[in-house]
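Q: Please take a close look at the surroundings of ligand 2: which residues are closest, and which elements give two or more residues to the shell? Some context on the chain as a whole would help first.

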Amino acid sequence: MISEKETVTMTKPSKWKELSSPITMRGVTFKNRMMRSGMYEGMATERGMVTADLESWIARQAAGGAGCIFPGYSNVALPRCMPFQTGSYSDSHIPGLKKLADIIHSYGAVAGLQLAAAGRQANPNLFFSDAEAVMGPSAMGPSPMYAAACREMTEAEIWKAIEDTAAAAVRAKKAGFDVVLPNAAHGYLLAQFLSPHTNKRTDAWGGSPEKRFKFFDEVFRAVRKAVGPDMLVWTKISVDEPWDDGINLDEARIFIPEVAKLVDAIEISGGTIVDNVFMMTRGEIPIGTLKKGIGSSVGGISAGLIDALYGMRDSVKFEEAYWYKHAVALKPLCGDTPLILTGGHKYPATMNQIVKEGTADMLSLARVLAAEPNFPNEVLEGREDPGKCSNCNKCLVEVVLGNKLRCFLPDPGYSFN
Ligand SMILES: Cc1cc2nc3c(=O)[nH]c(=O)nc-3n(C[C@H](O)[C@H](O)[C@H](O)COP(=O)(O)O)c2cc1C
Ligand code: SF4
């Protein structure tokens, strides 16, 4: 459980005017422009049920003042990518999800739920998984992180994945969430269909950008039909991947105008989980923490993988607002659909400027809120100092290894007992 500690005192009220201003989408008002980006907590049970630890963590994050809170992504079907991931694949998950939505609402924030299917990123070593069930748009050799090969999905399996996502969206609605976000970022199934690297199909679902977009199109049409006109439907989408033939800015320029027609807001991100997760977060590659994974149930973490990741360290160096130039390029292609920018927001002045200049309509924050849950409140109160997160990425590797999310700074703004 998490206990509160003293937080930094307030400074100049309303200094960051644009960041503090509300925004309304489809009749839902967000009290400010900061949201807690989906951040896998590793706090659900083996069957994906919400626990008291997860409720407590989400309460702490929501108390921090962000206008919108997304718990870590939920899985719409088995097998899963992460061990203690929250489920949205069964009606039995609805009561626990409702507790999270109620907690978020009690702090005046909008509640969002991410939905993801693992596809080739599934870990067959986890509970209720099997290697045969690891499948993606096209057959591929062992994934670097889980050493799991995937087989090609059949037409029936593709339609089942679409139905699974729509059914999970209905569960999110029944649980009281305001926003549902099928995740097309970080190498999950939606991204796998979009990416020329992972989608080599030559049927209706692959072979050209239009055909690779078909799965996305069908999923979002099915979700909208299932949840009706009142619920917000967003996506998070990768605009860069760690391969020469993966999604890049040129590919994103083709997809984004079509995406904008289907969703109420677009959060942009990049990278994949099983190939180079540090492209998603940027910063240090915590070799010592990674080494703890060799021989663990995670499966593929080997000295070779760690060397390969370390070899990529220069390409994942931390920069403030590291997807900013992608946002500059893509925002004009979004039409009236708001753009949400994740990745490396630490400096309040820059954050306010990004919203003020209109490059992004909202900013989504992850590690900075793991390090300092009260960061949004302090920014709203005029904080100028950057967030304390050092981008060591230990939190990320620890959750991949099956541990609960926490910050490893000596003074993270809360304590566990
Ligand atoms: C521990 C951890 C878990 C994450 N889990 C998710 C997730 O469940 N869904 C998601 O879309 N992104 C996830 N991310 C990525 C974040 O949402 C965010 O896009 C990224 O960390 C960049 O933001 P930051 O620089 O503020 O951390 C995760 C990141 C971390 C560090
Ligand atoms: S462990 Fe803490 S300091 Fe390190 S990246 Fe995670 S949140 Fe930031």
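A: In this predicted model, the protein chain contains 16 helices and 15 strands. Its radius of gyration is 20 Å, close to the 22 Å that the globule rule gives for 417 residues, so the chain is as compact as a globular protein of that length. Measured out along its principal axes, the C-alpha trace spans about 60 × 45 × 45 Å, and buried residues account for 54% of the 417 residues. Of the contacts with a separation of 6 or more, 73% are between residues 24 or more positions apart.

One span is annotated in a record: an unreviewed UniProt entry lists residues 19-265 as "domain: NADH:flavin oxidoreductase/NADH oxidase N-terminal". In the model this span is 35% helix and 15% strand, and its end C-alpha atoms lie 17 Å apart.

Turning to the part you asked about, ligand 2 is surrounded by 13 residues, of which the closest are R367, C389, C392, C395 and C407. Two elements, helix 14 (367-371) and helix 16 (394-400), give two or more residues to this shell, and helix 14 supplies the largest share, with 3 residues. By residue class, the shell around ligand 2 is made up of 8 nonpolar, 3 polar and 2 charged residues; cysteine counts as nonpolar in this division, a convention worth keeping in mind when reading the tally beside the closest residues, among them C389, C392, C395 and C407.

Terms used: Residues numbered from 1 in each chain as written. Chains lettered and ligands numbered in written order. Predicted model: local features only at pLDDT ≥ 70, side-chain atom pairs only at ≥ 80, totals over all residues. Near = placed C-beta within 6 Å. Helix = DSSP H or I, 4+ residues; strand = E, 2+ residues; numbered from the N terminus. Rg over C-alpha atoms; globule rule 2.2 N^0.38 Å. Buried ≥ 20, exposed ≤ 12 C-beta atoms within 10 Å, placed from the backbone. Contact = placed C-beta atoms within 7 Å. UniProt positions renumbered as here; feature names shortened; annotations may be inferred.
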